[in-house]
Amino acid sequence: MLTREEGVDAHALLRQGWTISAIARHLGRDRKTIRAYLNGDQVPGQRRQGPDAFVPFLQYCRQRLALRNK
């Protein structure tokens, strides 16, 4: 995750003609991370939400609770 300040820096450096590799080295981040932020795939300062790990078990839990309440 990039901070908002790093995001601003990355965009400024890109406008100055820096390569993505050079920006990544300068900020100490991976090239793919920098590219994702510069392309708008990710937003600086916000973590990407992963899938909810409980969803696959939701139906099972509902069934178990329904049997328990009978």
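Contact here means heavy atoms within 4.5 Å. The model is predicted.

**Exercise 1. Placing Pro44**

Find the element that holds Pro44, then list the residues Pro44 touches beyond four places in sequence.

*Solution.*
- Step 1: locate the residue. Pro44 lies in the loop between helix 3 and helix 4 (58–68).
- Step 2: collect the contacts. Leaving out residues up to four places away in sequence, Pro44 touches Leu2, Thr3, Arg4, Gly7 and Tyr37.
- Step 3: check the distance to the chain start. The C-alpha atoms of Pro44 and Met1 are separated by 6.8 Å, though the two are 43 residues apart along the chain.
- Step 4: assign the exposure class. Partly exposed runs between the 20% and 50% limits. Pro44 has a relative accessible area of 22%, so Pro44 is partly exposed.

**Exercise 2. The packing of helix 1 and helix 2**

Describe how helix 1 and helix 2 pack, and name the residues that make the contact.

*Solution.*
- Step 1: set the geometry. Helix 1 spans residues 4–15 and helix 2 spans residues 20–27. They pack at an angle of about 145°, and their axes are 10 Å apart.
- Step 2: give the hand. The crossing is right-handed.
- Step 3: list the contact residues. Helix 1 contributes Glu6, Asp9, Ala10, Leu13 and Leu14, while helix 2 contributes Ile23, His26 and Leu27.
- Step 4: sort them by class. The contact has 5 nonpolar, 1 polar and 2 charged residues.
- Step 5: look at one member, His26 of helix 2. Beyond its neighbours within four places in sequence, His26 is in contact with Leu13 and Trp18. The C-alpha atoms of His26 and Glu6 are separated by 10 Å, with their positions 20 residues apart along the chain.

**Exercise 3. The salt bridge**

Which residues form a salt bridge, and which parts of the chain does the pair link?

*Solution.*
- Step 1: count. The whole structure has 1 salt bridge.
- Step 2: name the pair. Glu6 bridges to Arg29, and their closest N and O atoms are 2.9 Å apart.
- Step 3: apply the cut-off. A salt bridge needs the nitrogen within 4 Å of the carboxyl oxygen.
- Step 4: place both ends. Glu6 sits in helix 1 and Arg29 in the loop between helix 2 and helix 3. The pair links distant parts of the chain, 23 residues apart.
- Step 5: compare with the exposure classes. Buried means under 20% relative accessible area. Glu6 has 15% relative accessibility, so Glu6 counts as buried. Arg29 has a relative accessible area of 31%, so Arg29 is partly exposed.
- Step 6: add the other contacts of Glu6. Apart from residues up to four places away in sequence, Glu6 touches Met1 and Leu27 as well as Arg29.

**Exercise 4. Helix 2 and the core**

List the buried residues of helix 2, then find the members of the largest nonpolar core.

*Solution.*
- Step 1: read off helix 2. Its buried residues are Ala22, Ile23, Ala24 and Leu27.
- Step 2: find the cover. Helix 1 and helix 3 (31–39) are among what covers these residues.
- Step 3: note the end of the helix. Just after helix 2, Gly28 takes a positive phi of about 75°.
- Step 4: assemble the core. The largest nonpolar core has 9 residues: Leu2, Ala10, Leu13, Ile23, Ala24, Leu27, Ile34, Tyr37 and Leu38. Helix 1, helix 2 and helix 3 each supply at least two residues of this core.
- Step 5: follow one core member. Setting aside neighbours within four places in sequence, Ile34 is in contact with Leu2, Ile20, Ile23, Ala24, Leu27 and Arg29.
- Step 6: set this in context. In soluble globular proteins, nonpolar side chains tend to be buried together.

Definitions and conventions: Residues numbered from 1 in each chain as written. Predicted model: local features only at pLDDT ≥ 70, side-chain atom pairs only at ≥ 80, totals over all residues. Heavy atoms only, no water. Axes fitted to C-alpha atoms, helices over the stretch in contact; angles between N-to-C directions. Left-handed = near helix turned anticlockwise from the far one by under 90°. Nonpolar A, V, L, I, M, F, W, Y, C, P; charged D, E, K, R; others polar. Buried < 20%, exposed > 50% of the residue type's maximum accessible area, 1.4 Å probe, protein only. Core = buried A, V, L, I, M, F, W, Y, C linked by side-chain atoms within 4.5 Å. Salt bridge = Lys/Arg side-chain N within 4 Å of Asp/Glu carboxyl O.
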